[in-house]
Amino acid sequence: MEKELGCEKPENTAEVDNLMYEIESAKRQIASLQAMLAARANEVARLQNQLIDREVLLKQAAVCISEATELCRQQTEQMDHTKRAYQNYEEAWQVLLSRLDRMQEQMPAVPVASVMTSGTGNRLEEARNAIGGSMRRAQESLRQIFGGE
C-alpha cells in the first residue's frame, strides 16, 4: 500500500539523509521565496505611496495653474479697461488741444505796446513763461502717464 501512495520506505539511511537534505533545501528555498515575495510586496507598497504622492502634487499643480490662468484673465480684463480709459483720455486731450488752438486763432491780436505800461512787460513775459512751462509740464505728465502703451 505504501508503494501505491508513493511513500516508499527508504531502504537505507543514506536515502533518508538524502531525502531529509532535499526537504531542508526545499524549506530554505521556500523561505527565500517568501522573503523575496515580502520584499516585492514592500516595493509595491512604496511605489503605491509614491504614486499617491505624485497624484496629490499633480492636483495641487492643477489648482495653481487654474488660479494663475484666472489671474491672467483678470489682468487682461484690467489692461483692456486701462486701454479704453487711456484712449478716452487721449481723445479728450486731443479735443482740448484743438479747442485751445481754435481759441488762440479766434483771439484778436493785441499789440504789446498798448497793453504794456511801465514795468508790466517783465511781469507779462514771466506770466507767459510760467503758463507755457505749466502747459509743457502738464503735457509731459500726461505723456508719461499714458505713454506706456
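This is a short tour of a predicted model, stop by stop, for you to follow in your viewer.

**The whole chain**

Start with everything shown as a cartoon. You'll find four helices and zero strands, and from the N terminus the elements run α-α-α-α. Now switch on the surface: its accessible area comes to about 13,500 Å², and carbon and sulfur atoms hold 58% of that. Of the 149 residues in the protein, just 3% are buried.

**Helix H2, beginning with a patch**

Select residues 13-106, which is helix H2. Then pick out Val16, Met20 and Ile23, and you have a nonpolar surface patch of about 240 Å². Ile23 sits in H2 and is partly exposed, at 41% relative accessibility.

**Charged pairs along H2**

Side chains of opposite charge can pair when their charged atoms come close. The count for this model is five salt bridges, and here are some to click through:

- Glutamate 24 and lysine 27: their side chains meet in a salt bridge at 3.6 Å, N to O. The two lie three residues apart in H2, about one turn of the helix. Glutamate 24 is partly exposed, at 36%.
- Glutamate 43 and arginine 46: the closest N and O atoms are 2.6 Å apart. Here too, three residues, or about one turn of H2, separate the partners. Glutamate 43 has a relative accessible area of 32%, and arginine 46 comes out at 39%, so each counts as partly exposed.
- Glutamate 70 and arginine 73: this salt bridge has its closest N and O atoms 2.2 Å apart, again with both residues in H2 and about one turn between them. Glutamate 70 is at 31% and arginine 73 at 38%.

Stay there and add Glu77 to the selection: Glu70, Arg73 and Glu77 are linked in a network of salt bridges.

**Two cysteines**

Next, select cysteine 64 and cysteine 72. Cysteine 64 is partly exposed, with a relative accessible area of 49%, and cysteine 72 is partly exposed too, at 46%. How many disulfides does a search of the whole structure find? Zero.

**The largest pocket**

For the last stop, select Leu100, Gln104, Met107, Leu124, Ala127, Arg128, Ile131 and Met135, the residues that line the largest pocket. About 230 Å³ of space lies inside. Which helix gives the most to the lining? Colour by element and look at H4, residues 120-146: H4 supplies five residues, the most of any. H2 takes part as well, with at least two.

Technical notes: Residues are numbered from 1 along each chain as its sequence is written. This is a predicted model: local features need pLDDT of at least 70, side-chain atom pairs count only at pLDDT 80 or more; totals for chains, interfaces and linings use all residues. Side-chain values use heavy atoms; hydrogens and water are left out. A disulfide is a pair of cysteine sulfur atoms within 2.5 Å. Buried means under 20% relative accessible area, exposed over 50%, partly exposed in between (1.4 Å probe, protein chains only). Patches are made of residues with over 30% relative accessible area and no salt bridge: like charges are joined within 9 Å, nonpolar side chains (Val, Leu, Ile, Met, Phe, Trp, Tyr) within 5 Å. Accessible areas come from the Shrake-Rupley method with a 1.4 Å probe; for residues, only the protein chains shown count as cover. A salt bridge is a side-chain nitrogen of Lys or Arg within 4 Å of a carboxyl oxygen of Asp or Glu. On a 1 Å grid over the protein atoms alone, a cavity is a set of points where a 1.4 Å probe fits but cannot get out, and a pocket is an open set with protein on both sides within 12 Å along at least five of seven lines; lining residues have an atom within 4 Å of a point. Grid points are joined across faces, edges and corners, and a volume is the space filled by probe spheres set on the points.
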